[in-house]
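Biologist: I have the sequence and the fold open on my screen. Can you take me through the packing, one question at a time?

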Amino acid sequence: MIKRFIVYPAIFVALAAYILHEAIGRLTEEQFAINGESGNVKIWQMTNQKYPPVMTALNFCISPFAKFIAPLDSHVDLMEKATKETGLSDFGDEASFVPGLKSMIQSVQSGEVTLTGLGRIDAQTTLVKVLKSRLKIEAFWKAHTEIDWAIDVSDPVIIVSMPRTGSTMVHEMLAKTDLFRTLSFYEAADPVVWPEEAKDTRVENAEQFLDMVYWYRPLMKTLHKMKARGVEEERVFEQLIFSDSIDTFYSGESYAKHVAGLNQVEVLKHVKRMLQVLQYQDYRENPGAKPKRWLLKSPPHVGRIEELLEVFPNAQIIHLHRSPSDTMKSFATLGLYAAGAVMNPVPLERAKDIVAMGMEWLENWVAWRRKGEPDRERHFDMLSRQLFIDPKVSLFGVLDFLKVPEKVQQFLKKKDSIWAAPRSGKVVHTFGNLGWSEIEFRQQYKELIREYEHIVGLGDGITFPSLTNP
């Protein structure tokens, strides 16, 4: 009976939707084309043409039932589900994350964002996964109270920049030198194994997750390629306290207001705590090994330099600079594409929200620079265009800044594979694709852009005297 009236009709509808979507796709394929991972992609419109037809068909079938499959009614229900799946019950300081979790649920329940069927299931799955990670981390931390005083992570190398400046490129190339301790994607997704005697399946789980991501967001291979063992941003840890990382995907005004009111020092202290946990696990696996300096990277850091130095007082900072116009249209395109897989519709106004978030980071950095020149022993600035022209020369400028011994540098220079720019394709970005224009953007942020470009020397192609030249 169930097969006759539910399963078979659902399969028929999904197949019909797939055929219809495939036909529409073929009629409009001249407007959107991907030529493999290394091809050029032009985004003409924010529609489902960028996603697999099967995903569209599944969304069509699942959406009417999504509220029953993934109700997202209460933070208490999600926490109970995480407790049941882990056998753990201590979430730690609930005041540090429950307000953010509640505001994210509010964004969905109030209709601030409209999720697809798959998007709603993805949201619930992600939130429960975050809560499960939090339970395991709290259990690990309280089982090893010596972590707090025994593990020092005060001296990381931190890459800061606006999004889409080449910071990922610098991050990956420096990671290949093996001079630093970096965060891997699988570690960011699941920082600890609990119970401790359990088999570690984190790499396998991460690979399966990324396979799924690239199935329903194929353009992400070009926009931002990730690997299970590849380096990842520590920003991911911030989702454990619902401070920023998930907001581009399925959150609205309620969550944005929550994020705006957060104390960034406390957010970064949480990141520091996670680094201590990982380094403690390194020590247990190899007690005699000398710990390496952490290499960190996250776009929001550009707007919180003072807070970074308060939490990591011995840090050294590498800052990449690029035209705000280029960075923001690329950042908005990435954000809309990622959101489009789980939201329907994705309002183009969301592009302006993403841009506003990025420009707020930049404004905070400019305000910090107004207070005076940074300590050049601690801060290294470089232009993205210099990096793109000659990555090897630029990165050896960074190694000089970090006082990496000449003997080590000479050894690294022989490894040309390290300095190959990790490019997997090119996307053509324009504000026109986002329902906006270059003129409107520059007019809205005219004074901020002018001041930033004056500090950095982007406008006339001449590096401003105060800027370190790699």
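Biologist: What covers the buried residues of H19?

Modeller: This is a predicted model. In it, H19 is mostly covered, with 8 of its 11 residues buried. Those buried residues include Pro391, Leu395, Val398 and Leu399. Their cover includes strand S5 (316-321), strand S6 (379-383), helix H18 (384-389), H20 and H8.

Biologist: Which residues of H8 meet H19?

Modeller: On the H19 side, the contact uses Pro391, Leu395, Val398 and Leu399. By class, the contact of H8 with H19 has 8 nonpolar residues, no polar and no charged ones. The H8 residues that meet H19 are Met169, Val170, Met173 and Leu174.

Biologist: At what angle do H8 and H19 pack?

Modeller: H8 covers residues 167-176 and H19 covers residues 391-401. Their axes lie 11 Å apart, and the crossing is right-handed. Angles from 65 to 115 degrees count as roughly perpendicular, and H8 and H19 are therefore roughly perpendicular to each other. The angle is about 70°.

Biologist: Which residue with a positive phi follows H19?

Modeller: Look in the loop between H19 and helix H20 (406-413). The residue there has a phi of about 60° although it is not a glycine. At 58% relative accessibility it counts as exposed, because the cut-off for that is over 50%. The residue is Lys403.

Biologist: Leu72 also has a positive phi. Is Leu72 buried or exposed?

Modeller: Leu72 sits in the loop between helix H3 (66-69) and helix H4 (75-86). Its phi is near 50°, a positive value in a residue other than glycine. The relative accessible area of Leu72 is 3%, and buried means under 20%, so Leu72 is buried.

Biologist: Now H2 and H6. How far apart are their axes?

Modeller: Helix H2 spans residues 53-62 and packs on H6 at an angle of about 85°. That makes H2 roughly perpendicular to H6. The axes of H2 and H6 are 7 Å apart.

Biologist: How many polar residues does the contact of H2 with H6 have?

Modeller: From H2 come Met55, Leu58, Asn59 and Ile62. From H6 come Gly117, Leu118, Gly119 and Ile121. Glycine is classed as polar here. By class, the contact has 5 nonpolar residues, no charged ones, and polar residues numbering 3.

Biologist: Is Lys136 buried or exposed?

Modeller: Lys136 lies in helix H6, residues 117-143. Leaving aside neighbours within four places in sequence, Lys136 is in contact with Leu88, Asp190, Val192 and Trp194. Its relative accessibility is 14%, under the 20% limit, so Lys136 counts as buried.

Biologist: Glu138 lies in H6 too. Which residues is Glu138 in contact with, leaving aside its neighbours within four places in sequence?

Modeller: Glu138 counts as buried, because its relative accessibility is 5%. Its C-alpha atom is separated by 9.6 Å from that of Ser89, 49 residues apart along the chain. The contacts of Glu138 are Asp90, Phe91, Gly92 and Arg273.

Biologist: Which residues touch the most other members of the largest nonpolar core?

Modeller: In soluble globular proteins, nonpolar side chains tend to be buried together. The largest nonpolar core here has 85 residues. Those touching the most other members are Leu131, Met359, Trp365 and Phe441.

Biologist: What does Trp365 touch?

Modeller: Set aside residues up to four places away in sequence. Two histidines are then on the list, His319 and His321. The others are Val302, Gly303, Ile305, Tyr452, Ile455 and Val456.

Biologist: How many residues does the other core have?

Modeller: This core lies apart from the largest one. Among its residues are Val170, Met173, Leu174 and Val398. Those four also take part in the contact of H8 with H19. The number of residues in this core is 23.

Biologist: Last, the whole chain. What share of the contacts with a separation of 6 or more comes from residues 24 or more positions apart?

Modeller: The chain has 22 helices and 7 strands. Of its 470 residues, 52% count as buried. Residues 24 or more positions apart account for a share of 80%.

Terms used: Residues numbered from 1 in each chain as written. Heavy atoms only, no water. Helix = DSSP H or I, 4+ residues; strand = E, 2+ residues; numbered from the N terminus. Buried < 20%, exposed > 50% of the residue type's maximum accessible area, 1.4 Å probe, protein only. Contact = heavy atoms within 4.5 Å. Axes fitted to C-alpha atoms, helices over the stretch in contact; angles between N-to-C directions. Parallel < 35°, antiparallel > 145°, perpendicular 65-115°, else oblique. Left-handed = near helix turned anticlockwise from the far one by under 90°. Core = buried A, V, L, I, M, F, W, Y, C linked by side-chain atoms within 4.5 Å.
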